[in-house]
Amino acid sequence: MSETTSKLQLPELDQTLISIRRHLHQNPELSNEEFQTTASIRAWLEEADIRIANYPLKTGLIAEVGGKQDGPIIALRADIDALPIQEETGFAYASQIPGKMHACGHDFHTAAILGAAFLLKQQENELKGTVRFIFQPAEEKAQGAERVIQSGALEDVSAVFGMHNKPDLPVGTIGIKSGPLMAAADGFVVEVAGLGTHAAVPEAGIDPIVAGAHIVTALQSIVSRNISSLQSAVVSVTKIHSGTSWNIIPDKAVLDGTVRSFDENVRSVVLKRFDQVVQGVVAAYGTTAVVRWIKGPPSVNNDAELAEVAIQAAHNAGLRVITPTPSPAGEDFAFYQKKVPGVFVFMGTSGTQEWHHPAFDLDERALSISAHYFAGLAEHALKQLNTDNPLEAK
């Protein structure tokens, strides 16, 4: 963080951000349902006299803190949606909505980026450009980023930054690396069609369960026999449903699962071989199959030059910088990086459980640290863009 930003002392910032985060935590809303969350964010921004930009979003919103009118624009992104999980933390500020919980820390992301906006507002006239704050809906369904892009909110942006809390990193540590950080995440549904019959006379039918079981086994050869050992991918069948009774061979079996990869060429090979393996197996067993893909986001792939900017800002903020291990989880921040250069970082939060766990929690000391980091990062990135425009050629 720059000397200017580090001297900023917003009254009771720490407690303000904790209060915001806990309010959001108590009132979680699922993807595309974030109406009250959006209203709360709007109210906090308006109270701080931060202008709301006019982009057509049903939920989520865009705000700006601007300096020079002709300067560059960078974006800071936070996701705002929760998950359909029953909370089991037992905290006084636990979710008040049954079956819904901020089990991935999006309440933390939102509060921290709000904090960065509050800090940057205090020196708005000194900024070398404009900082655009994206409070994005529907990350958990991998829909929100594309909606923000379709709204036009990224058209004039030179760089975009975002984060995910990382429970296994201690507070005060930040993970930053260039290149792949999080995986492309595709889902699949395979419907195997056979011919039902009595279980005592299987020869009178065509068993989709046997074919489905062999599909599960055959899929495991895709990575081991088609992908280099120096690269990585995951094919996981996570759900199998078939049949209604112990004495009936059903006429259909359905397999669900996911494919994860970090490289677009690897992703293409796996998806192509997947279809070939499925069709080959079902043909061998006299069944047929339809494969339906649920295309997820591509891999989060950090820009090398911006990663150096993010690392320098972390050193300025006194954070411990590590090179993180890439995560096979998916993130729709990747869609932004297809439009403009961007960097996604892992912020240490000293959590006790992993993402999506019903007892997920994090250390709230990381809120102020994150707010100050992103305020300093925004200031540093704008100065870099004004100095030598390292991204203009991209």
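Q: Which residues in H4 do Leu13, Thr16, Leu17, Ile20, Arg21, Leu24 and His25 in H2 meet?
A: This is a predicted model, in which local features need pLDDT of at least 70 and side-chain atom pairs count only at pLDDT 80 or more, while totals for chains, interfaces and linings use all residues. Residues are numbered from 1 along each chain as its sequence is written, and side-chain values use heavy atoms, with hydrogens and water left out. Helices (DSSP runs of H or I, at least four residues) and strands (E, at least two) are numbered from the N terminus, and contact means heavy atoms within 4.5 Å. On that basis, the H2 residues Leu13, Thr16, Leu17, Ile20, Arg21, Leu24 and His25 meet, in H4, Asp107, Phe108, Thr110, Ala111, Leu114, Gly115, Phe118 and Leu119.

Q: At what angle do helix H2 and helix H4 pack?
A: Axes are lines fitted to C-alpha atoms, for helices over the stretch in contact, and angles run from 0 to 180 degrees between N-to-C directions. Helix H2 covers residues 13-26 and helix H4 residues 106-121, and with their axes 9 Å apart they pack at an angle of about 145°.

Q: Why is one side of S1 and of S15 left without a neighbour in the sheet?
A: Two strands pair if DSSP finds at least two bridges between them. Eight strands form an open sheet with mixed pairing, in the order S1-S2-S4-S3-S5-S16-S6-S15, and its neighbouring strands are turned against each other by 30° on average, direction ignored. One side of strand S1 (51-53) and of strand S15 (320-322) has no neighbour in the sheet because both strands stand at the edges, each with a single partner strand.

Q: Which residue in S4 stands opposite Ile74?
A: Strand S3 (residues 73-79) and strand S4 (residues 130-136) run parallel and are joined by seven bridges. Opposite Ile74, the residue that stands in S4 is Val131.

Q: At about what angle to S16 does helix H8 run?
A: Two helices can be placed against strands of the eight-stranded sheet. Helix H3 (residues 35-47) lies across S1, strand S2 (61-66) and S4, and runs at about 15° to S2. Helix H8 (residues 304-316) lies across strand S5 (159-166), strand S6 (173-175), S15 and strand S16 (342-348), and its angle to S16 is about 35°.

Q: Which strands stand at the edges of the sheet with the order S10-S12-S8-S13?
A: This open sheet of four strands has antiparallel pairing, and the twist averages 20° from one strand to the next. Two of its strands each have a single partner strand, so one side of each is left without a neighbour in the sheet. These edge strands are S10 (233-242) and S13 (288-294).

Q: In S12, what is the bridge partner of Val237?
A: S10 and S12 run antiparallel, and nine bridges join them. The bridge partner of Val237 in S12 is Gly257.

Q: At about what angle to S13 does helix H7 run?
A: Helix H6 (residues 208-226) lies across S8, S10 and S12, where its direction is at about 170° to S10. Helix H7 (residues 264-284) lies across S8, S10, S12 and S13, and the angle at which H7 runs to S13 is about 160°.
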